[in-house]
Amino acid sequence: MTALAATDLPGLPVHPAAHRPGLGDPDWAAMTRILVVRPDNVGDVLMTVPALRALRAAAPGARIELLASPAGAATAPLIGEIDDVVVASVSWQRLPGGAAPGQDRGDPDGELVAELAARGYDAAVVLTSFSQSPWPAAAICRRAGIPVRVGTSKEFGGDALTHWVPAPPDGGHQVVRALEVLGAVGVPARGTDLAVRVPDGADPQAPAGRYVVVAPGASCPSRRWPPERFAAVGRGLAELGWTVVVTGTAKEAELVERAAADVPGAHRLVGALDLAGLAALVAGADAVVVNNSGGAHLADAVGTPVVELFAGTEEVGQYAPRTAPATVLTRPTSCTPCRQLTCPFGQECLDVPPAEVVDAVARCAPRT
Ligand code: SF4
C-alpha cells in the first residue's frame with residue numbers, strides 16, 4: 001500500500017501539533033507499546049482502522065493495544081493491527097445518571113489507571129469524535145505514567161496531552177479526523193479504507209443461496225427506521241427472489257420480529273452471532289439494509305454494498321460508508337443534526353418509503 005501524507009487526502013489540512021516546548025514529534029519507530037483510546041461503539045472502532053494501520057506502519061516494532069468499551073472490544077478479532085485490548089466501561093463515556101451506585105464517586109477509573117500503568121506504554125493516542133473531549137482520557141493516561149499523550153480538542157485542557165493537535169473541522173469524516181490527528185504528530189496516512197478480516201471459523205449461520213441482511217437495530221430510538229418499514233422492504237426483496245436475513249441482538253428480539261413480519265421465508269437471527277459471525281454473514285450477503293449503526297460500518301469494512309437509513313441525528317459526511325458501494329437515504333430537515341437519543345418530532349428525517357430502499361438494493365446488488 002502506498003503511504004499517503006496526510007496532505008494527500010482530499011481537503012485534509014495538516015495542523016502541526018502544539019508540543020510541549022522541545023518535545024517534537026514522538027519517535028514512533030522506537031516505541032514498543034502504544035495504547036489507542038477509543039472506548040465507544042463498534043462502528044467508532046471500525047472507523048479507527050485506517051488510523052491503526054497508519055500507526056502500525058510508523059511503529060512496526062510496537063505492540064498496539066486498544067482501550068475499548070465492552071461493546072467495542074468485540075471488534076478486536078477483526079482488526080489485524082490490534083495486538084491486545086484493555087476493556088473498560090470508562091466514566092467519561094457514561095451518560096449522567098448512568099453509573100451504578102457509588103460508581104460516580106471517588107475514583108471511578110482508578111483500577112483502569114493501575115492496569116494501564118502496569119502495562120508500561122510508551123505513548124497513548126486518544127481518538128475522539130468532534131463532540132467528545134480527549135481530556136478525561138488524557139488525564140487517566142498521565143496518571144498511568146504514559147509519557148507521550150496525543151489527542152485533539154478545540155478547548156485547552158492543560159498539559160494532560162503532551163501533543164495537543166488543533167481540532168479538525170467538526171463536519172469531517174471520522175476516518176479522516178483520526179488520520180489528521182496522527183498526521184500532525186508525524187504518522188503518515190496509509191489509505192482510508194476500513195478493511196477488516198473475517199476470522200477463520202466465524203459462523204455466519206447464513207441461509208443457502210443469495211441473501212440480503214436486514215438489521216433494524218441502532219444505538220438509540222431516534223436512529224431507528226420503523227421496523228414495519230424494514231418488513232415492507234423485506235417483502236419487496238423476497239418478491240425479487242432474495243432470502244431476507246433479519247438480524248439483531250437478544251435485546252432486539254422484538255424489533256427483529258416486527259421487521260421480519262410477513263416476510264416470506266425470512267431467516268431470523270436473534271442474539272445468535274458474535275461480531276465475527278456477523279462479519280461473516282455480512283461478507284456473504286448481496287447487500288445490507290441498516291440504520292446508522294455499527295452494521296453499516298461493518299458492511300463497509302467487508303466490502304458489501306450497503307443501503308443505510310440515516311437519521312438526522314448526525315451529519316452524513318461524518319459517518320457515511322466510504323469503502324463499499326453505499327446508498328445513504330435521509331430527508332433534509334431544519335432540526336438536523338439534532339444529537340437526540342429520542343426524536344421529539346415525527347422522525348421526518350427518516351421518512352423514506354420502503355420502495356425507495358428496495359430500488360436502492362436492486363441497483364447496488366443486481367440479481368443477474
Ligand atoms: S426529525 Fe429532527 S429531531 Fe427527529 S431524529 Fe430527525 S433530525 Fe433529529
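**View 1. The shell around the ligand, by class and by nearness.** Sorted by class, the residues around the ligand come to seven nonpolar, seven polar and one charged. Here Ala, Val, Leu, Ile, Met, Phe, Trp, Tyr, Cys and Pro count as nonpolar, Asp, Glu, Lys and Arg as charged, and the others, Gly among them, as polar. There are 15 residues in this shell, and Gly312, Cys335, Cys338, Cys343 and Cys349 come nearest. A residue is taken as near the molecule if its C-beta atom, placed from the backbone, lies within 6 Å of it. Keep in mind that this is a predicted model, where local features need pLDDT of at least 70, side-chain atom pairs count only at pLDDT 80 or more, and totals for chains, interfaces and linings use all residues. Residue numbers start from 1 along each chain, as its sequence is written.

**View 2. Strand 8 and its parallel partners.** How many of the residues of strand 8 are buried? Five of the five (residues 211-215), so strand 8 is largely enclosed by the rest of the structure. Buried means that 20 or more other C-beta atoms lie within 10 Å of the residue's own; 12 or fewer makes it exposed, anything in between partly exposed, and C-beta atoms are placed from the backbone. Helices (H or I, at least four residues) and strands (E, at least two) are DSSP runs, numbered from the N terminus. Tyr211, Val213 and Ala215 point one way from strand 8, while Val212 and Val214 point the other way. Strand 8 pairs in parallel with strand 9 (residues 243-248) over four bridges, and four bridges also join strand 8 to strand 11 (residues 287-291), again parallel. Two strands pair if DSSP finds at least two bridges between them. Look for Tyr211 opposite Thr243 in strand 9, and for Ala215 with its bridge partner Val290 in strand 11.

**View 3. Helix 8 under cover.** Eight of the nine residues of helix 8 (residues 275-283) are buried, so this helix is largely enclosed by the rest of the structure. Among the buried ones are Leu275, Leu278, Leu281 and Val282. What covers them includes helix 1, strand 8, strand 9, strand 11 and helix 9 (294-302).

**View 4. Where the two domains touch.** The domain assignment, automatic or from a database, gives domain 1 (6-183) and domain 2 (211-364). In all, 15 residues of domain 1 are in contact with 16 residues of domain 2, contact meaning C-beta atoms, placed from the backbone, within 7 Å. On the domain 1 side, helix 1 and helix 5 (174-183) are the elements that give two or more residues, and helix 1 gives the most, with three. By class, that side has eight nonpolar, seven polar and no charged residues.

**View 5. Gly43 in helix 1.** Helix 1 spans residues 42-46 and holds Gly43. Is Gly43 buried or exposed? Gly43 counts as buried because it has 24 C-beta neighbours inside 10 Å. Leaving aside neighbours within four places in sequence, Gly43 is in contact with Ser293, Gly294, Ala296 and His297.

**View 6. Backbone oddities in the loops.** Most residues other than glycine have a negative phi, and most peptide bonds are trans. The bond from Thr336 to Pro337, though, is cis, with omega near -10°. Pro337 is in the loop between strand 13 (326-329) and helix 11 (354-364). Gln347 is found in the loop between strand 13 and helix 11, with a positive phi of about 50°. Asp262 has phi near 60° and counts as exposed, with 11 C-beta neighbours inside 10 Å.
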